[in-house]
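Student: I would like a close look at one part of this model. Please walk me through it in short steps.

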Amino acid sequence: MTFWQIFNMSFGFLGIQFGLALQNANVSRILQSFGADVEHLSYFWLAAPITGMIVQPIIGHYSDRTWCRLGRRRPYFLTGAILASIMLFLMPNSPSLAGFLSPLLIGAGILMIMDASINVAMEPFRALVADKLPSEQRTLGFSMQTSLIGIGAVVGAVLPYVLTNWFGMSNTPAVDGGVAPNVRTAFYIGSAVLLICVLWTVISTNEYPPEQGKKKEKDGGFLEIFKDFGRMPKTMVQLGVVQFFSWFALFSMWVYMTPAVAEHCYNTVDRNSVAFGNAGDWVGVLQGIYNGVAAVYAFLLPWIASKIGRKATHSLSLLLGALGFASFFLFKNPNLLIVSMIGVGIAWGSILAMPYSILAGSLPPAKMGVFMGIFNFFITIPQVCNGLLGGVLVNHVYGGHTIYAMVFSGLCLLIASISVIFVEDKDDPVQLRLFGKKKQQLN
């Protein structure tokens, strides 16, 4: 495929990540405004991994067997985009929707539906790249997705900061228990951007029809999905260890970064204070920085992987991310956290691309969707574990100081970096080239 065909095929991910970045940077802030305590934040964030764990294998399974006028994958990510856009619009309006339930419970419910919708939209995009690209273009395809993810995430994450500092919108709630005007407006914009970007891909990209006779293939339903769990290739299981520690670290960042920065750098835990609002806005900027670094770094990934291999590329990237997280504890000046986020951004860029590039070559084409969905378990399980343990760790291990959650994230990425070494990547062009040379020498 040409560069622009790959670009159009992946463009919808920009909108999905735009909305996801708004969620990641602001949901803890919104839920705290609704009355959530910091030690309970991780429980609300369980909505994302639990819905992903349920939704993605099912969507992958049925998208493998779907064919209609829109194709195989496109009907799913279009439906998910429409639902996610609606939830982004409703999220900051939770107090207005509260009748018999509190705004906190309404917000948590909307968060769960929004996560489910984003998962419906997201999973088929991964399978679409694997469907349409040969092995030698897959790193480019997933790197293109990562670049567009980074661009969308940068704009989405910094948008509340821009609305405050460039357009004068307030970053504090007008009433106790409300949502700051800059955050509310950013969610409205994100709702529109997500839908428009996914429509771009739906309109500009065609899919290959299934082989003759495959359209009416019998569907084994949920039982078939459970059988596929037992058919996971060795590479997928090995990557699962890497993914576990990678996503355990990322979940801590998304949940605790705002209170950690507010306390460690702005010396406040008052969620209604101006200092806390400034900390929340700056966290959005920092999340935009790491996503921007990921977008740029993604363009380098195919070149780096062609020189040292996909495994070494991913291991080195995770190591730099570990150093970035560990440095959070060293910096009291919030501006210096930009240095930390450069390392995190390098790891994030690799996490979004390299595991899928390594995995795709080990999967049967007819099962690409369902195995990509099952692979999501190695993303959601660590988040569920973190969600259940996060409050306990904050209270009983970190002494209520969430900055230590960032340090622990660094340790997790270090373990992930080491684990990559043991992954089997038979489809890596660099390894195949080296193996071919060794074989010739032996002969």
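Which helices each supply at least two residues of the nonpolar patch?

Tutor: Two helices do: H13, residues 310-326, and H18, residues 403-420. Keep in mind that this is a predicted model.

Start with the patch itself. It is a nonpolar patch on the surface, covering about 1100 Å². Its members include Leu 316, Leu 319, Leu 320 and Leu 323. Ile 308 belongs to the patch too. Further along the sequence come Phe 408, Leu 411, Leu 414, Ile 415 and Ile 418, then Ile 421 and Phe 422. H18 gives the most, with 5 residues.

Now pick one member. Phe 408 sits in helix H18. Its relative accessibility is 31%, so Phe 408 counts as partly exposed. To join a patch, a residue needs over 30% relative accessible area. Phe 408, at 31%, is over that cut-off.

Compare another residue of that helix. Ile 403 is also found in H18. Is Ile 403 buried or exposed? It is buried, because its relative accessibility is 6% and buried means under 20%. Ile 403 also has a partner far off in sequence. Pro 259 is 144 residues away along the chain, yet the two C-alpha atoms are 8.2 Å apart in space.

Next, turn to H13. Two packed helices are described by the angle between their axes and the distance between the axes. The partner here is helix H14, residues 337-351. The axes of H13 and H14 come within 7 Å, and they cross at roughly 150 degrees. That makes the two helices roughly antiparallel, because angles over 145 degrees count as such. The crossing of H13 past H14 is left-handed.

H13 also takes part in a salt bridge. Arg 310 and Asp 425 meet through their side chains, with N to O at 3.0 Å. Arg 310 lies in H13, while Asp 425 lies in the loop between H18 and H19, so the pair ties together parts 115 residues apart in sequence. Where do these two side chains sit, buried or exposed? Both Arg 310 and Asp 425 are buried.

How many salt bridges are there in the model? The count comes to 2. The other pair is Glu 424 with Lys 234, whose closest N and O atoms are 3.7 Å apart. Glu 424 is in the loop between H18 and helix H19, residues 429-442, whereas Lys 234 is in helix H11, residues 234-266. This pair links distant parts of the chain, 190 residues apart. Glu 424 is partly exposed, because its relative accessible area is 25%. Lys 234 is exposed, because its value is 53%.

H11 leads to one more stop. Asn 267 lies in the loop between H11 and helix H12, residues 274-308. Most residues other than glycine have a negative phi. Asn 267 is not a glycine, yet its phi is positive, about 55 degrees. Asn 267 is exposed, because its relative accessible area is 63%.

Put the part together. H13 and H18 each supply at least two residues of the nonpolar patch. Arg 310 in H13 pairs with Asp 425 in the loop between H18 and H19. Glu 424, in that loop, pairs with Lys 234 in H11.

Key: Residues numbered from 1 in each chain as written. Predicted model: local features only at pLDDT ≥ 70, side-chain atom pairs only at ≥ 80, totals over all residues. Heavy atoms only, no water. Patch = residues over 30% accessible without salt bridge, like charges linked within 9 Å, V, L, I, M, F, W, Y side chains within 5 Å. Areas by Shrake-Rupley, 256 points an atom, 1.4 Å probe, with all protein chains shown as cover. Salt bridge = Lys/Arg side-chain N within 4 Å of Asp/Glu carboxyl O. Helix = DSSP H or I, 4+ residues; strand = E, 2+ residues; numbered from the N terminus. Buried < 20%, exposed > 50% of the residue type's maximum accessible area, 1.4 Å probe, protein only. Axes fitted to C-alpha atoms, helices over the stretch in contact; angles between N-to-C directions. Parallel < 35°, antiparallel > 145°, perpendicular 65-115°, else oblique. Left-handed = near helix turned anticlockwise from the far one by under 90°.
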